[in-house]
Amino acid sequence: MSSSFADFQHEIYLGGLSGAVPELPMTAAGLERRAEEVLERDAFAYVAGSASSERTAAANRSAFDRYRLLPRMLRGATAPGARDLSVEVLGTRLAAPVLTAPIGVLELLHKGGEVIAAAATKELGIGSVQSTAASSTIEEVGAAAGEWWYQLYWPADDDLARSFVRRAERAGAKAIVVTVDTPSLGWRPRDLELAHLPFLHGKGIANYLSDPVFRAKLAAPPEASADAMRAAILAWAGLFGNHALRPADLAHLREWTELPIAVKGILHPDDARQVVDAGADAVVVSNHGGRQLDGAVAALDALPTIVATVGDRADVLFDSGIRTGSDMLIALALGAKAVLYGRPWVYGLGIAGHAGVRHALRLLLADFETAMGLAGCANLAAVQRSLVVTAR
């Protein structure tokens with residue numbers, strides 16, 4: 001039998017013959033429960049929390065219940081090892097159509113979290129999207145990563161934005177992902193109840209503190225004293241978020257880099273059309289995992305319309321709500337080229353560091369390859385719209 005992601009289950013069952021059972025949970029929900037048991041309260045709240053009533057996060061999950069897979073049988077070439085899960089997105093070749101979503105402040109979960117995640121994705125041959133709001137610098141991530149993209153929170157200073165982009169390009173990023181749904185942070189009660197915003201404690205701002213454009217704005221280096229660090233944090237607060245961004249600003253980004261550009265946080269088809277008209281190479285359909293606008297539409301509900309609107313001109317990716325291999329299959333059948341996968345691997349990071357990230361990613365990949373085979377799909381070209389039907 002050829003090696004495949006689905007071999008993970010055989011590895012587990014064979015281990016059971018000698019009495020070994022997995023030390024880590026085998027579901028996304030199980031990882032979340034374990035993380036809540038072992039993490040500090042503020043760390044778990046930051047990752048698990050969503051906006052206001054958390055209706056948007058719940059909608060992301062319930063949207064998948066509106067679809068059912070309609071598998072095909074007797075298709076041939078569906079044995080593990082015979083399936084081809086690989087895909088090229090924005091010029092990046094991936095062993096499977098998944099990238100880790102950009103999640104900031106990973107030092108809350110584990111020291112060097114971004115570097116750990118980058119290294120784990122490199123081992124598995126999938127991609128990672130690395131956040132501006134990181135606890136490791138762009139350069140540290142680039143040294144550890146394989147196929148990675150840089151996610152830009154466009155600050156209220158174009159010179160600083162340009163510096164971030166050029167640093168990412170030099171560090172080996174293969175694409176720039178501009179997140180546009182966060183001109184400011186959403187209303188997040190779990191963090192508010194703890195009066196905890198990690199950035200104000202100097203966490204998640206490593207890319208700012210290490211940037212020459214940002215440092216030039218400071219009266220003293222942030223490492224010089226506690227007062228200098230406080231001043232740097234206040235400077236960060238004045239620059240994070242940009243309410244003035246418009247689709248036309250993508251022209252500036254195109255001047256700064258030759259890398260492909262994706263725009264993340266799109267739900268409305270007119271917005272998708274505008275950013276593609278402005279030069280975006282890809283659109284990431286996302287509501288930020290429910291962390292920004294309470295009551296927003298589920299990302300999956302927005303996906304088919306955006307595929308119909310711009311799918312012939314740009315790659316369309318999906319983010320927000322993926323938890324299983326069947327979730328991935330549904331999103332791909334509805335037209336996504338690849339998916340971004342968020343919280344479960346972060347819980348894995350908090351539980352067991354590198355081993356936890358790798359475990360969480362292997363769960364998803366094994367489940368996805370198994371689902372592919374059971375649905376009768378030998379490769380991604382076989383994942384067609386006819387594979388899903390509306391649930392009754």
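**Group meeting: strands, core and salt bridges**

I'll start with a pair of strands. Strand β8, residues 261–266, runs parallel to β9, and four bridges pair them. This is a predicted model, so please hear everything that follows in that light. One of the contacts between the two strands can be named: Ile266 has Val285 in β9 as its bridge partner. To get from β8 to β9 the chain uses helix α13, residues 269–277, and the three elements form a right-handed β-α-β unit.

Now stay on β9, which covers residues 282–285. Which of its faces are covered? Both are: Ala282 and Val284 are buried on one side, and Val283 and Val285 are buried on the other.

The next strand is β10, residues 315–319, which pairs with β9 in the parallel sense, again over four bridges. Here Val284 finds its bridge partner in Leu317 of β10. The crossover from β9 to β10 passes through helix α14, residues 299–310, and is right-handed.

How many of the residues of β10 are buried? Five of its five. Asp315, Leu317 and Asp319 lie on one side, with Val316 and Phe318 on the other. Note that two of the names on that first side are aspartates, Asp315 and Asp319, and they are buried along with Leu317.

From β10 we move to β11, residues 338–341. The two strands run parallel and are joined by three bridges. Phe318 has Val339 of β11 as its bridge partner. Helix α15, residues 325–333, sits between β10 and β11 in the chain, and together they make a right-handed β-α-β unit.

Phe318 comes up again in the core. The largest nonpolar core holds 126 residues, and the members touching the most others are Leu300, Phe318 and Trp345. Helix α16, residues 343–374, supplies the largest share of this core, with 14 residues. As general background, nonpolar side chains in soluble globular proteins tend to be buried together.

What does Trp345 touch, beyond its neighbours within four places in sequence? Its contacts there are Thr100, Ala101, Ile103, Leu106, Ala117, Val357, Ala360 and Leu361.

Last topic: salt bridges. The count is 19, and I'll show three.

The first is Asp327 with Arg61, where the closest N and O atoms are 2.9 Å apart. Asp327 belongs to helix α15 and Arg61 to helix α4, residues 55–62, so this pair ties together parts that are 266 residues apart in sequence. Is Asp327 buried or exposed? It counts as buried, because its relative accessibility is 5% and the limit for buried is under 20%. Arg61, at 31%, counts as partly exposed.

The second joins the side chains of Arg66 and Asp301, at 2.4 Å from N to O. Arg66 is in the loop between α4 and β1, while Asp301 is in helix α14, 235 residues away. Arg66 is partly exposed, with a relative accessible area of 37%. Asp301 is partly exposed too, at 34%.

The third is Asp211 with Arg167, at 3.0 Å from N to O. Asp211 sits in the loop between α9 and α10, Arg167 sits in helix α7, residues 158–170, and the two are 44 residues apart. Asp211 is buried, with a relative accessible area of 0%, and Arg167 is buried at 3%. This pair is part of a network: salt bridges that share partners join Glu139, Arg167 and Asp211.

That is the last slide.

How values were computed: Residues are numbered from 1 along each chain as its sequence is written. This is a predicted model: local features need pLDDT of at least 70, side-chain atom pairs count only at pLDDT 80 or more; totals for chains, interfaces and linings use all residues. Side-chain values use heavy atoms; hydrogens and water are left out. A nonpolar core is a set of buried Ala, Val, Leu, Ile, Met, Phe, Trp, Tyr and Cys residues joined through side-chain atoms within 4.5 Å. Buried means under 20% relative accessible area, exposed over 50%, partly exposed in between (1.4 Å probe, protein chains only). Contact means heavy atoms within 4.5 Å. Two strands pair if DSSP finds at least two bridges between them. A crossover is right-handed if, with the strands pointing away from the viewer, the path from the first strand over the helix to the second runs clockwise. A salt bridge is a side-chain nitrogen of Lys or Arg within 4 Å of a carboxyl oxygen of Asp or Glu.
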